[in-house]
Amino acid sequence: MRAGTLDEVKAAATAFTRAAGFQHHGYATRLREPLSGGSDFVFFEDFDSDWSKTYPKLIMPQSEQTDPRIVLSREGLPAVAWNSRGHTSYEVPRITLALRTRKTLTQAGEFGLHGGITVPSWSPGTSWAFTTFTHKSQLDPRELLPVLGESVYFVSCMHAAMDRLLRRPVGSAKLSDRECEVLRWSAIGKTSWEISMILRISERTVNFHLQQVSRKLGVKGRRAACARAVALGLIVL
């Protein structure tokens with residue numbers, strides 16, 4: 001959640017993958033609005049096989065209707081543990097989706113991905129997103145249930161960070177360390193006087209910093225400044 005760059009998010013994803021006992025991972029998302037470069041599709045992965053070549057193809061229009069990982073996200077279905085035999089931790093509700101899921105899992109096995117967890121995610125800025133953690137061993141999906149919860153939590157944090165970083169405007173306001181400090185205390189409900197006592201500065205100085213932050217962010221009032229700073233990832237609560 002404190003990541004300031006996409007590379008830091010990727011490094012965190014790699015660290016979690018290893019810590020959770022998986023070998024590889026992949027993340028993909030389709031944005032509702034294109035980035036400054038014109039693309040509305042973002043992905044990263046670390047597969048050591050040609051499975052990595054399947055990720056750029058997710059941008060194709062038919063993928064949104066046929067790829068089960070995307071459908072999981074678009075239909076609001078929960079995370080799922082799986083293996084390459086087509087077994088999953090819960091029964092997929094629609095027969096057509098179930099058949100596509102088995103086909104995709106069988107294909108994954110052909111590339112050495114024999115078990116894993118796929119976590120769909122969504123936010124107002126995305127049409128769909130999913131993260132997959134994979135294992136080279138042929139596991140029963142029930143064996144992966146102990147790490148399912150922490151995988152879902154990690155992905156929710158990672159996707160929030162990705163959403164924040166991708167939607168951060170180019171040339172967004174730069175706040176000083178002191179301004180961020182004052183704003184962070186204000187965001188959790190401290191008054192100007194309380195902040196002045198905590199930081200050992202005058203109440204007048206606290207108010208000056210808050211006024212400067214509001215001006216930089218183009219808003220009026222400390223509440224609006226706090227909300228805007230959190231949305232832009234300038235402060236983390």
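Serine 73 makes a handy starting point, sitting in helix 3, which covers residues 68-74. The model at hand is a predicted one. With a relative accessibility of 7%, serine 73 counts as buried, since the cut-off for that label is under 20%. Setting aside neighbours within four places in sequence, the residues in contact with serine 73 are Pro120, Ser121, Trp128 and Ala129.

Two of these contacts, Pro120 and Ser121, belong to strand 4, and both are buried there. Strand 4 spans residues 115-121, and seven of its seven residues are buried, so the strand is largely enclosed by the rest of the structure. In a regular strand, side chains take turns between the two faces of the sheet. Strand 4 can be read that way: Gly115, Ile117, Val119 and Ser121 point to one side, while Gly116, Thr118 and Pro120 point to the other.

What does strand 4 pair with? On one hand there is strand 3, joined to strand 4 by four bridges in an antiparallel run. Here alanine 81 stands opposite isoleucine 117. On the other hand there is strand 5, also antiparallel to strand 4 and joined to it by seven bridges. Valine 119 has threonine 131 of strand 5 as its bridge partner. A hairpin carries the chain from strand 4 to strand 5 by way of four residues.

Zooming out, these strands belong to an open sheet of five, paired in antiparallel fashion and ordered 2-1-5-4-3. Strand 2 (41-45) and strand 3 (80-83) are the edge strands; each has a single partner, so one side of each is left without a neighbour in the sheet. On average, and ignoring direction, neighbouring strands are turned by 15° against each other. Helix 1, made of residues 6-19, lies across strand 1 (24-31), strand 2 and strand 5 (126-135), and runs at about 140° to strand 1.

Aromatic rings are another feature to look at, with twelve aromatic pairs in the structure. One of them brings together phenylalanine 41 and tryptophan 128, a tilted pair with 6.3 Å from centre to centre and 50° between the planes. Phenylalanine 41 comes from strand 2 and tryptophan 128 from strand 5, so this pair ties together parts that are 87 residues apart in sequence. Both phenylalanine 41 and tryptophan 128 are buried. Tryptophan 128 also pairs with phenylalanine 130: the ring centres are 6.1 Å apart and the planes are at 15°, so this pair is stacked. Phenylalanine 130, like tryptophan 128, is buried. Ring pairs link these residues into a cluster made up of Phe41, Phe43, Phe47, Tyr55, Trp128 and Phe130. Trp128 thus appears both in this cluster and among the contacts of serine 73.

Elsewhere in the chain, two helices meet. A packed pair of helices is described by the angle between the axes and the distance between them. For helix 6 (residues 177-187) and helix 9 (residues 222-231), the axes come within 10 Å and cross at roughly 105°. Helix 6 and helix 9 are therefore roughly perpendicular to each other. Which residues make the contact? Helix 6 brings Leu183, Ser186 and Ala187, and helix 9 meets them with Arg222, Ala225, Cys226 and Ala229. Sorted by type, the residues of this contact are five nonpolar, one polar and one charged.

Key:
Residues numbered from 1 in each chain as written. Predicted model: local features only at pLDDT ≥ 70, side-chain atom pairs only at ≥ 80, totals over all residues. Heavy atoms only, no water. Pairing = 2+ DSSP bridges. Helix = DSSP H or I, 4+ residues; strand = E, 2+ residues; numbered from the N terminus. Axes fitted to C-alpha atoms, helices over the stretch in contact; angles between N-to-C directions. Contact = heavy atoms within 4.5 Å. Buried < 20%, exposed > 50% of the residue type's maximum accessible area, 1.4 Å probe, protein only. Parallel < 35°, antiparallel > 145°, perpendicular 65-115°, else oblique. Nonpolar A, V, L, I, M, F, W, Y, C, P; charged D, E, K, R; others polar. Phe/Tyr/Trp six-rings, centres within 6.5 Å; stacked < 30°, edge-to-face > 60°.
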